[in-house]
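Colleague: I am new to this structure and should like to understand the reasoning behind some of the terms applied to it. May I put several questions to you?

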Amino acid sequence: MRDPTAFLGEEYRDLVRQDLDWRLRVLGGPSTPWCVVDGKKVLMFCSNNYLGLSGHPRLKAAALEAVKTHGVGSGSVRPIAGNMDLHVELEARLAKFKGADASLVYQTGFAANSGLIPQLAGKGDLIVSDELNHGSIIDGVRLSQAERRVYKHGDAEDLSRVLDEAERESPQFRRILIITDGVFSMDGDIAPLDRVAALGSEHGAMVYVDDAHGEGVLGEGGRGIVSHFKLTRDKVQVEMGTFSKAFGVVGGHISGSRDLVNFAYNKSRTWLLSGSHPPAVAAACIAAIDVLESEPEHVKRLWENTRYFKKAMADLGFDIGKSETPITPVMVGESSKAKKLSSKLFEAGVFALPIVYPMVAQGKARIRTIMNAALSKEDLDFAISAFEVAGRELDVISKIAP
Ligand SMILES: *Cc1c(COP(=O)(O)O)cnc(C)c1O
């Protein structure tokens with residue numbers, strides 16, 4: 001008899017042979033600017049903890065206090081016995097922060113996208129999605145019975161064409177849902193949400209934005225992409241995000257109308273059938289909103305650091321793509337070279353991961369850096385000089401040094 005589990009090892013070894021397997025590094029301690037990775041002290045240049053909030057004293061104190069007052073687990077899913085006062089308070093605070101009527105917190109951003117999208121559009125509906133949308137959106141769309149179409153990345157004209165074409169071919173769509181990432185995580189570019197929203201209004205479509213990388217980064221005081229474009233909620237009906245990135249904790253969320261939230265929690269299977277957050281998570285998320293509202297210096301420093309780093313890297317001759325955000329890709333080209341550059345940087349004390357095929361197209365391999373508000377000028381100079389030395393050794397810098 002053949003071993004029914006033989007494929008596990010075979011497929012894993014295939015990945016290893018193709019150099020496509022994940023080799024996990026171990027963070028020995030908190031995610032801070034200088035941290036310990038695989039036992040080595042390095043500068044963190046690839047975490048999503050944009051504002052350094054994961055170690056902020058107010059978040060840590062709130063989490064510890066919630067353990068004392070509420071214990072470590074919620075005991076249930078929210079619709080049965082796991083709906084704690086802290087969960088309810090967090091949603092009220094988030095809605096106020098976002099300037100929305102209501103918000104709903106999911107266990108993760110992945111659970112929000114995969115649980116809500118298939119409920120918003122089903123049989124007889126149409127979903128139109130940016131071609132580079134996040135995998136959790138793609139999975140949410142796959143779970144829907146709706147017809148799907150894809151438009152060219154960040155291209156509102158192509159979105160307009162796709163909408164016109166779809167309506168001409170089958171004018172009987174019940175509902176249309178347009179979905180886009182707010183900030184695209186591989187290139188750091190921003191979706192043309194103003195134009196997407198205008199097309200939504202023109203076509204009577206709902207607009208859903210996933211702002212995982214825009215929150216805490218864009219807009220007034222880090223309120224996100226809807227604030228960045230000064231859009232109103234009748235134009236962008238679903239604003240989705242996560243507490244796992246700039247907020248420094250964990251948990252997905254949506255904001256919009258009260259009807260949206262009532263609909264979402266009654267229908268999303270990921271919300272209904274999965275245990276709610278530990279109270280410490282909800283309390284830390286509330287504290288993160290407190291910090292964003294009362295300490296504007298973190299977002300300001302994030303952008304100062306971003307501008308400083310981008311300018312220095314461009315002056316050195318690195319190709320840093322067309323990012324408009326604290327995500328700065330350092331373009332390399334071949335996958336093997338990007339991996340070598342990442343290893344050299346790590347040896348020099350800078351932790352930045354290579355992003356290679358199949359995460360990006362062949363020949364578009366890069367080192368993806370993510371800026372952090374907690375990095376000092378000295379830290380940035382340290383990283384920039386490590387990039388310069390390694391970049392010259394590997395011939396990544398094209399220009400002659402000035
Ligand atoms: C990280 C991310 C998610 C998933 O969020 P989690 O809360 O970590 O599950 C969803 N969408 C986008 C665009 C992301 O970058």
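Modeller: The questions below concern two helices and one arginine in a predicted model.

Colleague: What makes the span of α4 close to the expected one?

Modeller: Helix α4, residues 109-120, has 12 residues and reaches 16 Å from its first C-alpha to its last. The expected span, at 1.5 Å a residue, is 16 Å, and the two values therefore agree closely.

Colleague: Why is α4 called mostly covered?

Modeller: A residue is buried when its relative accessible area is under 20%. In α4, 10 of the 12 residues are buried, so the helix is described as mostly covered. Among them are Gly109, Asn113, Leu116 and Pro118.

Colleague: Why is Thr108 said to make a polar contact at the N-terminal end of α4?

Modeller: A side-chain oxygen of Thr108 lies 3.3 Å from the backbone nitrogen of Phe110. The limit for a polar contact is 3.5 Å, so this pair qualifies, and Thr108 caps that end of α4.

Colleague: How do you know that Arg368, in strand β13, has no salt bridge?

Modeller: The nearest side chain of opposite charge, Asp181, is 9.2 Å away. A salt bridge requires a distance within 4 Å, so Arg368 has none, although Arg368 is buried. The side chain of Arg368 does reach the backbone oxygen of Ser185, at 2.9 Å.

Colleague: Against which elements do the buried residues of α3 pack?

Modeller: They pack against α2, β3, β8, β9 and α11. The buried residues of α3 include Leu86, Leu90, Leu94 and Phe97. Just after α3, Gly99 takes a positive phi of about 70°.

Methods. Residues are numbered from 1 along each chain as its sequence is written. This is a predicted model: local features need pLDDT of at least 70, side-chain atom pairs count only at pLDDT 80 or more; totals for chains, interfaces and linings use all residues. Side-chain values use heavy atoms; hydrogens and water are left out. Helices (H or I, at least four residues) and strands (E, at least two) are DSSP runs, numbered from the N terminus. Buried means under 20% relative accessible area, exposed over 50%, partly exposed in between (1.4 Å probe, protein chains only). A polar contact is a pair of N or O atoms within 3.5 Å; within protein, one must be able to donate a hydrogen and the other to accept it, and residues adjacent in sequence count only if both atoms are side-chain atoms. Lys and Arg count as positive and Asp and Glu as negative; His and the chain ends are not counted. Contact means heavy atoms within 4.5 Å.
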